[in-house]
Amino acid sequence: MVAGPLPTRGVLMTSIAELYAFQAIDLELQAAKDELEDVQSELGETEALVAARANVAEERESVAEAERRFKDRESEADDQRNKIEPVQAKLYKGTVQQPKELEDLQQDLESLRRRMSDLEDRALEAMEALEAAQQALSDAEAAFSNVEEEYGSDQAKLVERQANLTERIASLESERAQEIIKIDESMMQLYNQLAPNKQGRAVAKLDGGACGGCRISLPTNVLQRARSGSDIVRCSNCERILFVS
Ligand SMILES: [Zn+2]
């Protein structure tokens, strides 16, 4: 494509001013698009929420296991109690007369009682472990509830931000479409060629004697040419189009 002739003085300065304004739209548009991308990447369940939920499930599992263990221990203790009763009854009934048999019976009873005491201790330990597991579950549920509440409010803000940005992008795009037709074709070509390599800033405002893009002080002849508005003048260092406001 062959570029058309460049606009003449005065008209040219206006064109550069329009190009600078157009660049501002483009920059805002890009920033809004980048932010929208960030917002969208944050939508959905967070790691914290997933972890807190998994923790609740884990603690619930621990409680179930502790309950099973406690029931087992309790039933072991009950069984043992049932074993003691007939031995005890037999002993106290006084039907056993033989000293050897009596001694054996007493020894049996003692051994059964010792075992009983051990089993009761184990049942108690299992009950304490169950209580600890229930407390851990309750803590995990409270933590999950906090995380969930925070997540809900964060997501609501993100959804609102997403809607605002989508609206802003549509409005900037329509503004851009209106402005682009005002800009000289050859200038637009130069802009499109420069912008991608200059972080979207193809046009730099002259700031005192320096380029507003790269901050380098410009030689007098460059400044004079830029101020005269007779030509498109570019920064001798960063090559941006210089805009004299
Ligand atoms: Zn520069």
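In which sense do strand 1 and strand 3 pair, and over how many bridges? They run parallel to each other, and three bridges link them. Keep in mind that this is a predicted model.

## The sheet

Strand 1 covers residues 203–207. The sheet is an open one built from three strands, ordered 2-1-3, with mixed pairing. Strand 2 (210–211) and strand 3 (241–243) sit at the edges with a single partner strand each, so one side of each has no neighbour in the sheet. As for what holds such an arrangement together, strands of a sheet pair through backbone hydrogen bonds, either parallel or antiparallel.

If you want a spot to look at, find Val203: across from it in strand 3 is Ile241. Helix 1 (residues 11–42) packs on this sheet, where it touches strand 1 and strand 3. The direction of helix 1 makes about 100° with that of strand 3.

## Helix 5 and its two faces

Now for helix 5, which spans residues 220–228. Which of its residues are buried? They are Val222, Leu223 and Ala226. These residues cover an arc of only 100° around the axis, which means they lie on the same side of helix 5. Flip to the face turned away from that buried side and you'll find the exposed residues Thr220 and Gln224.

So what covers the buried residues of helix 5? The cover includes helix 1, along with strand 1 and strand 3. Helix 1 touches those two strands as well.

## Just past the helix

Right after helix 5 comes Gly229, with a positive phi of about 70°.

Terms used. Residues are numbered from 1 along each chain as its sequence is written. This is a predicted model: local features need pLDDT of at least 70, side-chain atom pairs count only at pLDDT 80 or more; totals for chains, interfaces and linings use all residues. Side-chain values use heavy atoms; hydrogens and water are left out. Two strands pair if DSSP finds at least two bridges between them. Helices (H or I, at least four residues) and strands (E, at least two) are DSSP runs, numbered from the N terminus. Contact means heavy atoms within 4.5 Å. Axes are lines fitted to C-alpha atoms, for helices over the stretch in contact, and angles run from 0 to 180 degrees between N-to-C directions. Buried means under 20% relative accessible area, exposed over 50%, partly exposed in between (1.4 Å probe, protein chains only). The arc is that of the directions from the helix axis to the C-beta atoms.
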